Amino acid sequence: MYIGVDYYPEQWPRERWDTDLKLMKELGINVVRIAEFGWSVMEPEEGAYDFSLIDDAIAAIESYGFDVVLGTPTATPPAWLIEKYPDVLPADDHGNVIGFGARRHYTVNSEVYQQLTKQIVEEMAKRYGSHPAVIGWQVDNEYGHEKSDRSYSETDRKAFQSWLQEKYESLDELNERWGTVFWSQTYTNWSQIPVPKKVYQEHNPSLLLDFDRFCAEAYNRYNRLQVETLRKYIADRQFITHNFVYSGLSQDQKEMAKDLDFISFDNYPVWGGLADPISPAAIARQHDLCRGTKNGKGYWVMEELSGAQGWSQIGYLPRPGHLKLWTYQAISRGAEAIVYFRWRAARYGTEQFCHGILDHDGKPRRKYNEVKDVITSLEGFADQWIESEIPADVGFYHDPENDWAWQIQPQSDQFNYIGEFLRFYEPAHSLNAQGNIIRDDEDLSRYKVVVVPVYFLTKKTFNDRLKDYVANGGTVIFSYRTGVKDEDNIVTDQTLPGDLAGLAGIQVHEYESLRGGKSGRVKGVAGAVEGLSSSASVWCDYIEPETAEVLATYEDSWFQDRAAVTKNKYGEGTVYYVGAGIESPMLQKLYASIFEETNLTYTETAENVELVRRESEEASYLSVLNHDVEEGHEVALPEGEWTDAASGEKHTGVLEIPRLGSLVLEKRKQH
Amino acid sequence: MYIGVDYYPEQWPRERWDTDLKLMKELGINVVRIAEFGWSVMEPEEGAYDFSLIDDAIAAIESYGFDVVLGTPTATPPAWLIEKYPDVLPADDHGNVIGFGARRHYTVNSEVYQQLTKQIVEEMAKRYGSHPAVIGWQVDNEYGHEKSDRSYSETDRKAFQSWLQEKYESLDELNERWGTVFWSQTYTNWSQIPVPKKVYQEHNPSLLLDFDRFCAEAYNRYNRLQVETLRKYIADRQFITHNFVYSGLSQDQKEMAKDLDFISFDNYPVWGGLADPISPAAIARQHDLCRGTKNGKGYWVMEELSGAQGWSQIGYLPRPGHLKLWTYQAISRGAEAIVYFRWRAARYGTEQFCHGILDHDGKPRRKYNEVKDVITSLEGFADQWIESEIPADVGFYHDPENDWAWQIQPQSDQFNYIGEFLRFYEPAHSLNAQGNIIRDDEDLSRYKVVVVPVYFLTKKTFNDRLKDYVANGGTVIFSYRTGVKDEDNIVTDQTLPGDLAGLAGIQVHEYESLRGGKSGRVKGVAGAVEGLSSSASVWCDYIEPETAEVLATYEDSWFQDRAAVTKNKYGEGTVYYVGAGIESPMLQKLYASIFEETNLTYTETAENVELVRRESEEASYLSVLNHDVEEGHEVALPEGEWTDAASGEKHTGVLEIPRLGSLVLEKRKQH
Amino acid sequence: MYIGVDYYPEQWPRERWDTDLKLMKELGINVVRIAEFGWSVMEPEEGAYDFSLIDDAIAAIESYGFDVVLGTPTATPPAWLIEKYPDVLPADDHGNVIGFGARRHYTVNSEVYQQLTKQIVEEMAKRYGSHPAVIGWQVDNEYGHEKSDRSYSETDRKAFQSWLQEKYESLDELNERWGTVFWSQTYTNWSQIPVPKKVYQEHNPSLLLDFDRFCAEAYNRYNRLQVETLRKYIADRQFITHNFVYSGLSQDQKEMAKDLDFISFDNYPVWGGLADPISPAAIARQHDLCRGTKNGKGYWVMEELSGAQGWSQIGYLPRPGHLKLWTYQAISRGAEAIVYFRWRAARYGTEQFCHGILDHDGKPRRKYNEVKDVITSLEGFADQWIESEIPADVGFYHDPENDWAWQIQPQSDQFNYIGEFLRFYEPAHSLNAQGNIIRDDEDLSRYKVVVVPVYFLTKKTFNDRLKDYVANGGTVIFSYRTGVKDEDNIVTDQTLPGDLAGLAGIQVHEYESLRGGKSGRVKGVAGAVEGLSSSASVWCDYIEPETAEVLATYEDSWFQDRAAVTKNKYGEGTVYYVGAGIESPMLQKLYASIFEETNLTYTETAENVELVRRESEEASYLSVLNHDVEEGHEVALPEGEWTDAASGEKHTGVLEIPRLGSLVLEKRKQH
């Protein structure tokens, strides 16, 4: 298994390199990522390449027996480039140019920048494409991050117009599908179409959604340019990857991943400005997304947090144990390699407070020792472990286009796509029921339950797939706002939940957006939730059951006769519809009963204790991860004797897991 | 009486038109507004007119016996227009151009746009000016809405300079009246004068006030251009109106109304982003404003909310009963016609979540039935009712120029002109004392009491009118910050309340702005408020009575000797001065006592129950409107037997009005 | 002693001048400042000077026996100037031009503006440089205020590049010291370097710090231009000053002060938008800064608040007593002259609600009487008092470059340099221990204790000075985040607190930024703080003592073994290190014990009671200042009989000081 560090040899005196590499050797790593921001080091002026520093760095790293991942430096166009080609710069939604001085200051739609990218990538590929120490490439860095996903310059506008022309072929088609007859927005010339810069009110939602698609595809094309340029020159054994961000950007990671050998991810459970880490389920969501991005293929964590992070604002200080916990969680959920960010905190530049394994003084201390402990602990079993399968009985639908559609029309100030996805993902995570995050292209029959939260923007093909799946015995959980829109961001003319009404066995005639501070109440009237009560926030669908059974109703004085949660038999299968933003306890009860009914494996644990099961032909693995910062907990182990894969200690029955404790238990299979 | 819907035939397949019109027929409507955003439908490219869709739509509507109101489409200049004439676009206060993509993207000061407006309006007028089904015209749509009231482009700057030149004739005069000697702002050339774009601090308040006046007048001129163009071609029987917004824009509705046959209003008691409807008094204020805008003339509600509203954010869902309640309230207070917005929710475009009588699926349900109930209920009596008079004993002074002056210098972060107007309007509304909202041009002698809240920017002629009115026996209620400024936004050099000090019989030597979280306390020491106590927010005038009697004093440890509320005899009349932002209960007590003294009709009801009395030669009418969403209430009826005008049911004594109930009682007069 | 008013003769009718001057005479003033915004009065068009109004105003003022301070009017370039030379205008950090319409609308880097400045200053200097009534000059007004400290235009960019070229001589040097290898920011041409306009993320912190230095130096150069122009023409007896603002601007007052005869300050303990005055310690900080700016030299308060202040938002109304209290506090702490702002509230212009000694009506009332009382009270003793020394045993380190470095990287959303400085200044102020605010250029040996708060950006020379000082017996109090950066804003590569670790006898291996709402707890375990407990906000350094003694530790469950407060013996001296943002009570206990140990004079008083001791050869002075708005307090006087310097009343033992009371006690020395 690859475990390594992100290193910036150009940022440290050469005299220090050897000290660093010795310390890395003692740490036990085997791979180093370099060069992803090093354009001006490699091409200090246009066309004048100087690879001496990178050559020497690779040689030094190789001399310690480590492999190298090389980054292409295109996230940081140098000063000379911007001076000579200022049109490369992007623009914000007021049309103001984003200047030189940080990073990601280019628009992917600039043909000049595409040409300049090709040149530097080609030069690097030629030089290192056969280098024995170089095992692979990271293309650029965190596409779309820091608001660089959407650019509004004249260059972007022209590219958007071309993209639309290619998509719609005729303006009649575009006008029809966007509904431009509304507010006299009919276009009679492609050149009239704007990028969605500031207007007095709000743009056409169909234009906005297409703009997000265009932005995502423009990045895909740009990525493909780099990948194709590399492939021409590099050895087959060298991989190509990119380190993704999953925070609602105008990016389609799954589409882009098709051009990559595997995907990578930058794992920061806490970062600048956050007072506390995000929740265990929120971290798990990201790993499940990573695993799903290339349909179950393992991924690299190319940047794994190793200290408090931040630019001008620093976040929470990870406590002793957090680094191991988050590393184990990452591997448990599908990471095949871990590269810690960063080896040592930078002494200069914007990332001075991105703390690393070493702090600014370069002395190994707590964090170094914790990483060493992680690496040592993994030695005996990691390779087999990462080869094992991750059983998955639940499919969670998660779609960037829905995310964009919700960003365009959040409808309530409380709505946030990731937050509402988590509302319907977290109960399964809490019950340690394992699943995959999926798109509309998957075979659903492999899942016992499919959860489809806030499925606002629908796809006909996926609707049909869901119908088949349920008809054949599958179980689906829908939430409020299901079935509202078609792919053009147009509202259905069928009664809600539109094309899915029959499947859910309900009609929604009345609904309500709940703003901050407002909430309704829902009470369980049948099934597992009977007698339970929950507040309801964000949204209420006041449901009329058709064929569905009512599980919960509203306590609203006007709509108390309407259903809030329903269950419908459809064909051989079952469909649940949760019409309001109800709270975790009620949802957990509902999920547990559904898991019982579908004979799906789940385990109740103390809050913040996460279990992950993996299976190979030789062994079963059980990760026990206690995210609780203050308290240890007891975990009831599955039947049999389990061995701590790192220490060899045996456990049966109840395991005591200390606060922030993490371990992997193993049970060999008898053959 | 006209009751109708806002319909967008261009947004629906022609095959649907007939279904829609049948449903409208069954609903009972008699008028349809169309075309106000249909520029690109009627003029798909410059100079090429195509009225076929509008022709057909009118024909279809006419075939059902409905009348038509036609909108001119100038709120939505089409894409071809903006591409060809980009200087038509407005600019924000940073000077950034507001682009194409929503609506209202033009500056009224563009001569090119004026010319293009004239052409499309002329074409429409020629075509439909004699059409038998067309009963009238709505010019443009919601002038100034969505921040389009103030534009800061170079075009606007030149127009502002011309306007100033016309107003002041000489720069000496302007420099003198603006006090430009302050901070060396003396202008030596008209071309030096800026529009108030962003500066390091704040602009000259006299310039700012004139800029607001200029913006309002520019719209008036633009409106006149449309009106005059129409009048050249249309039949005398066709009316011209415009649908106003009353939310503190740089608009002078009363002045503009002079060019209109009657005014219209878009009535949204709740809209996108609001968690709850605005208060009953706040809705009533808008209707009283409408009625006052053309001196008591009835008005149309051209858009009456019929469902939850919003663009990307949706607001509160109106409960069953709200549509009738708000319709009855509108008619009670002066609306002569109601047009519901919109017939059906749009499937595309920015207004997807402006819900209508029908939802996206086009099926009649609750809202349809409620509107039908409204229309049916009105059949028997509406025509006589809307002909009856609305007695008014109170005059409430409300002035856009004061609103602008307060926006320029709010003085406290708690100050908001509409909010403070409501502080002094609401006690009368709660007591069901009826009044008119007036400007300075009215004959005050018809009122028993005149309320003049936050009369900061004064007019000499109105001051004199107030003095005459009181001298002859009238009663005036002033609030804090009375008499501070002259019409040039210059502070008086007389001791406060300036020109009105003698009338109020007080002097104000000390005053204090109270910011959020700060409040003082006031205690009643005489008259009706004796023994009462109230917090005081926003502002405290620490008053020295001269001839006035002290009704309340401050509890402040430093200013406890100063008066907070006073009463002064002046001539035959009386003047009250409320020096602080005290709360409703104390103000209500004060108002009730004043109403007793002036022999003014008022009725105490439960909170949120609103009564409106109207009188004709034949009958008395009493609207009973319960805005309470949760509780029914008892209402003590005035003497005699009252008949429910819709049901014919008889009521005497106490009436039970259910939550959100609304009805009109009638008592025939004996002749 | 000079006591006067800020007067704007150009803003009032000439007929009023005499009334004003008579009232001033009765008030007892002896100096008037005029003309600082009067450019368009003196040069109504380019090159056409008209000094008649200023001539007449000076003559009128002189006729009453008052002296005159003349302002140069360069804070307000007139309309004709901006029309002709629009490139004079500054730009904000989006690159948007800041327009004409308020004040300070110029960039000091404009060579055109420098030339225009020179001309008007030269003309004024020639005309009034020998005028007998003119005693001195105020150059411009509040440099850098209202965000005018940083401008981002192309003019500024070129000036910044030149400044950098001069500072670094070679790009290699700049690239090295800024660490531009980070993110490929290496510059190969001076013209590539940006001013820090908006980017996707954050600029290089070394560039940002140099930009602040550049801005400050640009103002210094601009100020020098004015001073040198004046000096060519004016009499030696005329002084030159400037009225400073101390609110974290990119300004280096101490450096600029070298070119001035003395500095001035505008003293507003409360201003527009503040609900309450700033704390007594916060006001005191400003006066101590003033006194320190020219190394103890007395200064003028050129604008002393005389009423509620504000532009469009008004602040707190100063209570009766506040004017005297704040005046006495100012003089106690080093002011030699007081000029009240402003004589009378303006009737027009942006400053309509900057209330003065007179309100808009021009009638003398409470504030006039209070000022009169101040002036009368000072008559008998002020001249001797202001000549006396202010004993100072504590040095407080306060550095604009640290302020800028913290603004660039606040690290916690709770961090504010002035706020954190006050955290470590206030305990001494509360204990009435007197000190000076110092920079790194001072001889520390004169202080018993040196307090060095949040010393993030260090200077090697000052570090050495501190080491010598402690080695020789001095006592230093450091806070968290000491020793992090060098002067290039680069993080040290030594273990924290870096170069000062040995001095403090500690190492900091772990630290944490605490965001809003988060806090830790610290408990005293030894010394004066033993048994005390305090919350800790903003920051926690988890300290490893080396040679230091532990005074307090954390109660954190993970870091409870780490020290929070330490004390180290070093040479003959002692060093305290306070590692967290602990609260005032614990800090006060700590300070009191340190003052005991160092034999430093301090006096405990009731909260909000401030004492200031001054000494001359003839007498001791003790100012007693009660900032408590609601309560009077008892003050235990130092030994002996004290005489109220104003009233002659004698006091021994305990003095009762009423709320907002202020007086100066005197004790003659026996010779």
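Domain bounds, as used here, come from an automatic or database domain assignment. The structure described below is a predicted model.

**Domains of chain A**

For chain A, that assignment gives the three domains listed in the table, with domain 1 built from two separate stretches of residues.

| Domain of chain A | Residues |
|---|---|
| domain 1 | 2-148 + 220-387 |
| domain 2 | 394-597 |
| domain 3 | 609-668 |

Taken over C-alpha atoms, the centres of domain 1 of chain A and domain 2 of chain A are separated by 37 Å. Where these two domains meet, 14 residues of domain 1 of chain A are in contact with 15 residues of domain 2 of chain A. On the side of domain 1 of chain A that touches domain 2 of chain A, the largest share, eight residues, is supplied by helix α10 (residues 280-293) of chain A. The residues on that side of domain 1 of chain A comprise four nonpolar, five polar and five charged ones.

**A pair of packed helices in chain A**

Two packed helices are described by the angle between their axes and the distance between the axes. In chain A, the axes of helix α11 (residues 322-332) and helix α12 (residues 366-378) cross at roughly 35 degrees and come within 9 Å, and the crossing of α11(A) past α12(A) is right-handed. From α11(A), the contact is made by A:Leu323, A:Lys324 and A:Thr327, while α12(A) brings A:Lys367, A:Glu370, A:Val371, A:Asp373 and A:Val374. Sorted by kind, the residues of this contact between α11(A) and α12(A) are three nonpolar, one polar and four charged.

**How chain B relates to chain A**

Two copies of a chain are related by a rotation about an axis and a shift along it. Here a turn of 120 degrees, with a shift of 0.0 Å along the axis, lays chain B on chain A with an RMSD of 0.1 Å, and that is the relation of a three-fold axis. Within chain B, the C-alpha nearest the axis belongs to B:Asn96, at 5.4 Å from it.

**The surroundings of one residue in chain B**

B:Ile338 is found in strand β9 (residues 335-341) of chain B. B:Ile338 counts as buried because it has 28 C-beta neighbours inside 10 Å, where the cut-off for a buried residue is 20 or more. Although B:Ile338 and B:Tyr2 are 336 residues apart along the chain, their C-alpha atoms are separated by 6.5 Å. Leaving aside its neighbours within four places in sequence, B:Ile338 is in contact with B:Ile3, B:Val301 and B:Glu304, and likewise with B:Thr327, B:Ala330 and B:Ile331.

How values were computed: Residues numbered from 1 in each chain as written. Chains lettered and ligands numbered in written order. Predicted model: local features only at pLDDT ≥ 70, side-chain atom pairs only at ≥ 80, totals over all residues. Contact = placed C-beta atoms within 7 Å. Helix = DSSP H or I, 4+ residues; strand = E, 2+ residues; numbered from the N terminus. Nonpolar A, V, L, I, M, F, W, Y, C, P; charged D, E, K, R; others polar. Least-squares fit on C-alpha atoms with pLDDT ≥ 70 in both. Axes fitted to C-alpha atoms, helices over the stretch in contact; angles between N-to-C directions. Left-handed = near helix turned anticlockwise from the far one by under 90°. Buried ≥ 20, exposed ≤ 12 C-beta atoms within 10 Å, placed from the backbone.
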